[in-house]
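Me: I'd like to learn how to read the packing of two helices in a model. Could you walk me through a case?

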Amino acid sequence: MTRREFETQFRRLYLPLGMYALRITGDTGEAEDIVQEAFIRAWERISEGGEIADFKPFMYMSVRNGCVSLLRGRLRTVELEAMPEPNDEAVDTSERDARVWRAIEALPERCREIFLMSKRDGLSNDEIASELGISMQTVKNQMSKAFARLRDELSDGGKPFFLPFL
């Protein structure tokens with residue numbers, strides 16, 4: 001694998017792997033650290049002449065193992081042994097979550113801020129309007145704009161896409 005191919009894989013897999021690790025660890029910082037370490041170890045292996053036949057499954061397993069190592073101090077051994085291997089469903093879920101977060105990040109700044117205050121932070125439209133010093137109608141308009149853009153971005157050939165946290 002060339003450096004360019006590795007960089008392409010990094011850009012393609014970083015966020016889905018982060019979402020996968022976050023589901024296991026429950027902590028964004030720890031999840032990011034685990035994913036970064038997994039990519040560092042993979043690059044070291046490649047740069048030393050080692051081969052990685054199936055890069056994507058290798059990275060998911062590497063991230064899973066990193067999560068297990070982190071959790072080893074927190075959980076009983078029985079709980080760790082019950083942690084499933086990365087399967088198609090876990091990979092699909094992490095890729096879906098990454099796709100959603102990329103779409104949210106692509107929203108205009110104010111629209112994204114209002115959307116996240118509502119959906120992530122659980123604030124009412126009235127609370128958002130009060131906190132930001134804007135009208136309730138502006139909040140409603142920005143939420144409608146966010147939903148429309150997310151629907152357009154995430155729909156798959158007319159097939160609706162449901163946001164996991166809505």
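Me: At what angle do helix H7 and helix H8 pack, and how far apart are their axes?

Reply: Two packed helices are described by the angle between their axes and the distance between the axes. In this predicted model, H7 (residues 125-132) and H8 (residues 136-154) pack at about 115 degrees, with axes 8 Å apart. Helices here are DSSP runs of H or I, at least four residues, numbered from the N terminus. Axes are lines fitted to C-alpha atoms over the stretch in contact, and angles run from 0 to 180 degrees between N-to-C directions. The pair is therefore roughly perpendicular (65 to 115 degrees).

Me: Which residues of H7 and H8 meet?

Reply: Asn125, Asp126, Ile128 and Ala129 of H7 meet Met136, Val139 and Lys140 of H8, where contact means heavy atoms within 4.5 Å. By class, that contact has four nonpolar, one polar and two charged residues (Asp, Glu, Lys and Arg count as charged; Ala, Val, Leu, Ile, Met, Phe, Trp, Tyr, Cys and Pro as nonpolar; the others, Gly among them, as polar).

Me: Which elements have the lowest and highest mean pLDDT?

Reply: Where pLDDT is low, the predicted coordinates should not be read in detail. On this confidence scale from 0 to 100, helix H4 (residues 77-81) has the lowest mean, 54, and helix H2 (residues 28-47) the highest, 92. The chain averages 82.

Me: Any ground rules for numbering and values?

Reply: Residues are numbered from 1 along each chain as its sequence is written, and side-chain values use heavy atoms, leaving out hydrogens and water. Local features need pLDDT of at least 70 and side-chain atom pairs 80 or more, while totals for chains, interfaces and linings use all residues.

Note on methods:
Helices (H or I, at least four residues) and strands (E, at least two) are DSSP runs, numbered from the N terminus. Angles under 35 degrees count as roughly parallel, over 145 as roughly antiparallel, 65 to 115 as roughly perpendicular and the rest as oblique. pLDDT is the predictor's confidence in each residue, from 0 to 100.
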